[in-house]
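Please find below my notes on the model, set out as numbered points. They concern the sheet and the salt bridges.

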Amino acid sequence: EIDLPEDHPRYASLLTRHRIEAGVEKGITSKQGLIAQGRGEAFDYLLGEQTIPSADAAERAAAAQLLLADHPVLSVNGNVAALVAPEIVALAAAVDADIEVNLFNRTEKRMEAIAAHLREHGADEVKGLTADGRIPNLSHERAKVDADGIGAADVVVVPLEDGDRAEALADLGKTEIVIDLNPLSRSAQTAAIPIVDNIIRAVPNMTAHAEELHGSESETLHTIVDQFVGSDALAAAEEAIRTGAQ
Ligand code: PTJ
């Protein structure tokens, strides 16, 4: 990490930018990832760079959904790896999920670099390299998944995902948890649980909720999931962005 003044008013944002830049230099993040980050930042600025109450509720519902899942998988792309590798490893441990590298702009080199980066941060097993499964209705490279990973998952967390892929995964009957700062994106609109928050805040908060909910009766977890309404959370996020109200 570089030396940033912690009292700088935009400290968190500068740190995030630096991590994405370092990700590009390390061969983890794609150049398009820089553009995606800029887009996300604009929404985060309008949200006040904070987890709004509806996002916290979504993170809690996501934790409950992951604890209820038979085979949860956390999908990791080049931006996610650069921003929150150790935090993804911690979430996977808290909810007993697989981690799978799944790229929009897939290259073997970047797949390997991301898997190595996740292992450096404590992941024992990283899926995605076998690529013996396919998501129907997507072009060849974009459709590749592991048959025993995302292919067999009942619940998938897809952060910063492209809309086409989010739709194709939902069409497969997977319960999708999407993390995306844009409440109007197709990914967020497609998700069973849309989380409109910066991934930097969302993932540790999901882990904290999972740790708190660990050991709860499945009935309690089901109630938390059922009480969460995705369309309401998206409307609340849009309202917060437009008016500053929460
Ligand atoms: O590593 P790859 O090849 O899989 O590519 C990853 C990117 C992100 C480049 C690719 O999936 C892509 O182009 O995504 P989009 O279509 O730009 O969508 C990314 C979405 O994530 C946008 O809606 C952004 O607002 C949002 N976003 C960006 N940064 C963050 C974010 N959401 C939460 N936290 C962020 N830090």
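Which side chain meets that of R165 in a salt bridge?

1. The partner is E161: in this predicted model, the side chains of R165 and E161 meet in a salt bridge, at 3.1 Å from N to O. Both residues, R165 and E161, are buried.

2. The structure holds 14 salt bridges. Another of these joins E41 and R17, whose side chains meet at 2.8 Å, N to O. Because E41 lies in helix α2 (residues 31-46) and R17 in helix α1 (residues 11-25), the pair ties together parts that are 24 residues apart in sequence. E41 counts as buried, at 18% relative accessibility, whereas R17 is partly exposed, with a relative accessible area of 44%.

3. A salt bridge also links E108 with R106, and its closest N and O atoms are 3.6 Å apart. Here the acidic residue, E108, is partly exposed at 41% relative accessible area, while R106 is buried at 10%.

4. Salt bridges further link D44, D197 and R201 in a network.

5. As to the sheet, five strands form an open arrangement in the order β2-β1-β5-β6-β7, with parallel pairing. Strands β2 (98-101) and β7 (193-195) are the edge strands, each pairing on one side only. From one strand to the next, the twist averages 20°.

6. Within this sheet, strand β1 (residues 72-76) pairs with strand β5 (residues 155-159) in the parallel sense, over three bridges. The bridge partner of V73 in β5 is V156.

Technical notes:
Residues are numbered from 1 along each chain as its sequence is written. This is a predicted model: local features need pLDDT of at least 70, side-chain atom pairs count only at pLDDT 80 or more; totals for chains, interfaces and linings use all residues. Side-chain values use heavy atoms; hydrogens and water are left out. Two strands pair if DSSP finds at least two bridges between them. Helices (H or I, at least four residues) and strands (E, at least two) are DSSP runs, numbered from the N terminus. Axes are lines fitted to C-alpha atoms, for helices over the stretch in contact, and angles run from 0 to 180 degrees between N-to-C directions. A salt bridge is a side-chain nitrogen of Lys or Arg within 4 Å of a carboxyl oxygen of Asp or Glu. Buried means under 20% relative accessible area, exposed over 50%, partly exposed in between (1.4 Å probe, protein chains only).
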